[in-house]
Amino acid sequence: MPDFVKSHTLLSPSGAFRWLRCALYCRVALSGEFRKHERPPGLAAIIGTEKHAIMESFFRRILPAAPPNPPESWLKEAWESSLERALLPESEADFLSEFLGSLAFSKDFLIEENLPIPGIFAGGVEQIVRGTVDLAFYYRDTETLKIIDWKFGRRKVLAHNNPQLSLYSKAAALKFAKPVKALEKFIVQPAITHCDKEEKLKPNFTQKVAAAYQGGQKAPATAGDWCEFCELQRLCPKYIKRERCSREIAPEFRKILADMEIK
Ligand code: SF4
């Protein structure tokens, strides 16, 4: 991705769970404050990135080389005999083998594709949002779109009502530019042998992804499950109140909190 785009992408699909629900988080993300406080990735994130790269390598190598009309089990067979399989722990490779056995090939595919996601308005303006789709297939015969998201962490993630997958689906549907009658979204977590799927027979890609931070300066901070990994925990009055922890507000955030009349 060009640096220009990177530097202007302040809302990411992976944080959508939070910025669609909490206006304070959305506001701080849009202010660019997170950039200044970015910490180097932890070990788990580095390992996850490496494993994503292994999957990317596999699909980039085999999908363009697929034979005409490959059998249903082709993806699984290709994985079983691949070099990449040997680079993952046995249990994770086995789980992926099982998953790939249920996934049919299509010549319309996306691999680690960084795509724009239009139509997201926050703070009164359309935001530049981009996301990287791990893997997607479009099946012309059934007009079905499948979105697959690898997660190599150990915390269980569900596909149901998952805004990250919804944003990826929207971006992929626009990229394929073909009618989509059915949508299947998958979260695949080899480390905990977990796969979750959400099916939509009539996908609506104009869903309320634009709901974030519409309320202007006084939009509320809303605490909930999405606070768990929020970077603002230590300074957020809502979180501090909810968790009854000690207060430690960083000076650079005081103005934002004051503007939003958050005490
Ligand atoms: S910790 Fe605060 S800012 Fe972060 S999501 Fe929760 S309520 Fe919003």
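**Exercise 1.** Across which strands does helix 5 (residues 43-62) lie, and at what angle does it run to strand 1?

*Solution.* The model examined here is predicted. Helix 5 lies across strand 1, strand 4 (130-139) and strand 5. Relative to strand 1, helix 5 runs at about 135°.

**Exercise 2.** Determine the strand order of the open sheet and explain which strands stand at its edges.

*Solution.* Begin with the order: the five strands are arranged 1-4-5-6-7, and their pairing is mixed. Next, consider the edges: strand 1 (108-116) and strand 7 (194-200) each have a single partner strand, so one side of each lacks a neighbour in the sheet. Then turn to the twist: ignoring direction, neighbouring strands are turned against each other by 25° on average. Finally, take one pair within the sheet: strand 5 (residues 144-150) and strand 6 (residues 182-189) run parallel and are joined by seven bridges. In this pairing, T144 stands opposite A182 of strand 6.

**Exercise 3.** Describe the surroundings of the ligand and state whether helix 3 is enclosed or open.

*Solution.* First, the shell: the ligand is surrounded by 15 residues, of which C22, C227, C230, C236 and Y239 are the closest. By class, the shell comprises 11 nonpolar, two polar and two charged residues. Second, the contributing helices: helix 3 (23-31) and helix 10 (237-243) each provide at least two shell residues. Third, burial: seven of the nine residues of helix 3 are buried, so this helix is largely enclosed by the rest of the structure. The buried residues are A23, L24, Y25, C26, R27, V28 and A29. After helix 3 comes G32, with a positive phi near 85°.

Note on methods. Residues are numbered from 1 along each chain as its sequence is written. This is a predicted model: local features need pLDDT of at least 70, side-chain atom pairs count only at pLDDT 80 or more; totals for chains, interfaces and linings use all residues. Two strands pair if DSSP finds at least two bridges between them. Helices (H or I, at least four residues) and strands (E, at least two) are DSSP runs, numbered from the N terminus. Axes are lines fitted to C-alpha atoms, for helices over the stretch in contact, and angles run from 0 to 180 degrees between N-to-C directions. Two residues are in contact if their C-beta atoms, placed from the backbone, lie within 7 Å. A residue is near a molecule or strand if its C-beta atom, placed from the backbone, lies within 6 Å of it. Ala, Val, Leu, Ile, Met, Phe, Trp, Tyr, Cys and Pro count as nonpolar, Asp, Glu, Lys and Arg as charged, and the others, Gly among them, as polar. A residue is buried if 20 or more other C-beta atoms lie within 10 Å of its own, exposed if 12 or fewer, and partly exposed in between; C-beta atoms are placed from the backbone.
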